[in-house]
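Let's take a friendly tour of one protein chain. Have a look at the picture first, then read on.

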Amino acid sequence: MKHKDSSDKQTTLAVPAPYSTTGGRDRGRDLRGAIVTALQACPPDGVLLVDFSAVQTLDFSAADEVVGGLVGRVISGDLGTRRFVLIGLRESARRASRLS
C-alpha cells in the first residue's frame, strides 16, 4: 500500500503482509523488486519510506538482498535521484539490515 504526503516528494510503501516472515535470498529479491517498482514510480528527488512494521522476521540473507541490492541501485544511479528510508524495523530486522 502506497500513499503520498502533501509534499508530493515523499511516498510510503507498507511492506505487504505476505512478507511478514521473510527469509532467504529469493524472498529478499522478490521484496526488493516490489520496493524498486515503487521507487521507480516516485518522482525525481522523491523519497520512498519503506514501512517494515508488518515484518516479524527478516533473516540476514533476505536483508542482504533487500538492503544491499537497494543501496547498490541507488549508488549506481540506476534509480536517478530517488532515495529510500527504512522505517518501522523491529530490532531483529534492524540488526540484520545493519550487517548486510
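When we talk about charge here, Lys and Arg count as positive and Asp and Glu as negative, while His and the chain ends are not counted. The place of a charge is taken as NZ of Lys, CZ of Arg, CG of Asp or CD of Glu. On that basis, the chain carries 14 positive and 11 negative side chains, and the centres of these two sets are 1 Å apart.

A word on where this comes from. This is a predicted model, in which local features need pLDDT of at least 70 and side-chain atom pairs count only at pLDDT 80 or more, while totals for chains, interfaces and linings use all residues. Residues are numbered from 1 along each chain as its sequence is written, and side-chain values use heavy atoms, with hydrogens and water left out.

**The overall build**

Three helices and six strands make up the secondary structure of the chain (helices are DSSP runs of H or I with at least four residues, strands are runs of E with at least two, and both are numbered from the N terminus). Walk along the sequence and you meet them in the order β-β-β-α-β-β-α-β-α.

How does the radius of gyration of the chain compare with that of a compact globule? With 100 residues, such a globule would come out near 13 Å, and the chain has 13 Å, so the two agree. (The radius is taken over C-alpha atoms, and the globule rule is 2.2 Å times the number of residues to the power 0.38.) The C-alpha trace spans about 30 × 25 × 20 Å along its principal axes.

Contact means heavy atoms within 4.5 Å. Among contacts in the chain with a separation of 6 or more, 76% are between residues 24 or more positions apart.

As for the surface, about 5200 Å² of the chain is accessible, and 54% of that belongs to carbon and sulfur atoms (areas come from the Shrake-Rupley method with a 1.4 Å probe, and for residues only the protein chains shown count as cover). Of the 100 residues, 38% count as buried; buried means under 20% relative accessible area, exposed means over 50%, and partly exposed is in between.

**Strand E4 and its neighbours**

Strand E4 covers residues 47-51, and four of its five residues are buried. Which strands pair with E4? Strand E2 (residues 10-14) pairs with E4 in the parallel sense over five bridges, and E4 also pairs in the parallel sense with strand E6 (residues 83-87), over five bridges. Two strands pair if DSSP finds at least two bridges between them. For a bit of detail, Ala-14 has Asp-51 in E4 as its bridge partner, and Val-50 has Leu-86 in E6.

**Four residues to find**

Here are some residues to look up in the picture.

| Residue | Place | Relative accessibility |
|---|---|---|
| Asp-30 | helix H1 | 43%, partly exposed |
| Asp-45 | loop between helix H1 (25-41) and E4 | 48%, partly exposed |
| Val-67 | helix H2 | 14%, buried |
| Gly-77 | loop between helix H2 (60-76) and E6 | 38%, partly exposed |

Asp-45 has a quirk: its phi is positive, about 65 degrees, although it is not a glycine. Most residues other than glycine have a negative phi.

Now for some distances, C-alpha to C-alpha. Gly-77 and Asp-45 are 32 residues apart in sequence and 12 Å apart in space. Val-67 and Arg-94 are 27 residues apart in sequence, with 11 Å between them in space. For Asp-30 and Phe-52, the figures are 22 residues in sequence and 15 Å in space.

Conventions:
Buried < 20%, exposed > 50% of the residue type's maximum accessible area, 1.4 Å probe, protein only.
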